[in-house]
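Reader: I am in my first year and new to protein structures. Could you take one part of this model and walk me through it closely? I would like the part that faces the DNA.

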Number of protein chains: 2
Amino acid sequence: MDLTSQIAAAPLFAGLPKSQHEALAGIATEKAFSKGQAVFMDGAEATGFYIVISGRVKIFKLSLEGKEQILHVFGPGEPFGEAAVFAGHRFPAHAEALEPTKTMFLPRQAFVDLVTKHPSLALNLIADLSRRLRRFTNLVEDLSLKEVPGRLAAHLLYLSERQGESDDLTLEIPKVQLASLLGTIPETLSRILARMTREGLIESRENRQVHILDRESLEELATGERRLT
Amino acid sequence: MDLTSQIAAAPLFAGLPKSQHEALAGIATEKAFSKGQAVFMDGAEATGFYIVISGRVKIFKLSLEGKEQILHVFGPGEPFGEAAVFAGHRFPAHAEALEPTKTMFLPRQAFVDLVTKHPSLALNLIADLSRRLRRFTNLVEDLSLKEVPGRLAAHLLYLSERQGESDDLTLEIPKVQLASLLGTIPETLSRILARMTREGLIESRENRQVHILDRESLEELATGERRLT
DNA sequence: CGTGCGCTTGACTTTTTTCAATAAAGGTGG
DNA sequence: CCACCTTTATTGAAAAAAGTCAAGCGCACG
């Protein structure tokens, strides 16, 4: 697929006239990354931002001791790094491809000009940033107000919902990454999955497959009404 | 002071023509809150957003057990609740006045219309949301990657910077609130302040006054290069 | 076919929270 | 102006949650 149709497919650019899609294609360039390759580093100058075409990218912070906190995992159609274009001018975190990934890169100034000229693009961007802010609110709430079992329960329910309300779900990412997303470490995650299994809340199959046995209890765990014994 | 000049003073509306300030004044209403009074509740419908005129407002999440995590403390000139106007339509957290507070309320639709018509307002809003996103990134990093002493050290340095690089600073909020802002509880905060004092990093005077004695060590604590013994 | 990565489990440590007691400070009504 | 009561703050002892360190297993990939 060519860049213009990629752009037309991105929610951020929804509702823009075709001429604008073509204008964007004119300023965008394609960049590909192999699994594990860095897209940008924390603190690097933000000369533009990215939109995932295919594959997945994690955005994360690193502590001095090497512990990692994943902030987002972005897939096809999702932009990342846009906020840095409008505030601070430096990326506030690291970005790395989780698998072979294609992106398009939108250079800063050309994009700013475009946003200035097209109110509907500006509104799309505002909605995008607002949604992201809301997600961060939830992340902070989870990290600060819930213990790991609650965060895991919430995540399992989120995956179940996203994957069509089925009781069978797939974790989508390796457990090391999931631990980092939940703000914990693989050992703790492993233990809590084992506890949930022991208590009959879930069944953990091979290959990142999880089967929900007791949805209600998971929901209570996620809200804090119940705790794992 | 009248609403028009209040609006002109808010960074969000900087650079707008006077006519627009007057248009905004036309749709804005003033709302006052007493200390401890709720401005809005988590989950309430967002029919508009607020800008602080005087006083201070905290935005926070509550757990079922009643633990509180402060997300922001906003003072004069700062807007809050804007993101809910553009995504979700419900407030994602509670808001409460920390002291007698005056705000102006901007109703949703009128503001959306205005943003659509005025690119420079849209850009201001984008910059505002982007900055806020960046702050959240730091909050998540702190909560997940740093221990309480590190978070406290970072906060003290932040206050010192904001208050003019002096070694004498004021906490600005009661310790209960500070604990909630740092994602901990008053007891823990109290103990860690005591440890910092014992190790000669700070001196804690009466009335929320803190004197920095060893800035370098505080900085190392904030980055994680050093730990409190 | 072996090396390594992803995952799990056990034992132990550290950090933080919980519960309880105490005390100082500040505002309110009598 | 004072007694009272709530708010704010501090400290100790014990419990709980999560992290660290270490070992071991199995499967995939080169």
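Author: Start with a working rule: a residue is near a strand of DNA if its C-beta atom, placed from the backbone, lies within 6 Å of it. Keep in mind that this is a predicted model.

Now apply that rule to DNA strand D. There are 18 residues around it. The closest are A:E147, A:T184 and A:T188 from one chain, with B:K175 and B:S190 from the other. Which helices supply this surface with at least two residues each? In chain A they are α6 (148–162) and α8 (186–198). In chain B they are α7 (175–181) and α8 (186–198). The largest share belongs to α8(B), with six residues. Sort the surface by class. Eight residues are nonpolar, three are polar and seven are charged.

Both chains take part here, so look at how they relate. A turn of 180 degrees, with a shift of 0.0 Å along the axis, lays chain A on chain B. The RMSD is 0.1 Å. The two copies are therefore related as by a two-fold rotation axis. The same surface serves both copies, since 100% of the contact residues of chain A recur in chain B.

How many residues meet there? In chain A, 38 residues are in contact with 38 residues of chain B. On the chain A side, β5 (68–74), α3 (82–86) and α5 (119–145) each give two or more residues. Helix α5(A) gives the most, with 20 residues. By class, this side of chain A has 20 nonpolar, 10 polar and eight charged residues.

One more stop: the strands of chain B. Strand β4 (residues 57–62) and strand β5 (residues 68–74) run antiparallel, joined by six bridges. One bridge links B:L62 with its partner B:E68 in β5(B). Five residues sit between the strands of this hairpin. Among the hairpin's residues, B:G66 takes a positive phi near 95 degrees.

Strand β4(B) has another partner, β7 (residues 94–97) of chain B. These two also pair in the antiparallel sense, over four bridges. There, B:V57 stands opposite B:A97 in β7(B).

Back to your part, then. Helices of both chains supply the surface near DNA strand D, and α8(B) has the largest share of it.

Methods
Residues are numbered from 1 along each chain as its sequence is written. Chains are lettered from A and ligands numbered from 1 in the order in which they are written. This is a predicted model: local features need pLDDT of at least 70, side-chain atom pairs count only at pLDDT 80 or more; totals for chains, interfaces and linings use all residues. Copies are superposed by least squares on the C-alpha atoms of residues with pLDDT of at least 70 in both. Two residues are in contact if their C-beta atoms, placed from the backbone, lie within 7 Å. Ala, Val, Leu, Ile, Met, Phe, Trp, Tyr, Cys and Pro count as nonpolar, Asp, Glu, Lys and Arg as charged, and the others, Gly among them, as polar. Two strands pair if DSSP finds at least two bridges between them.
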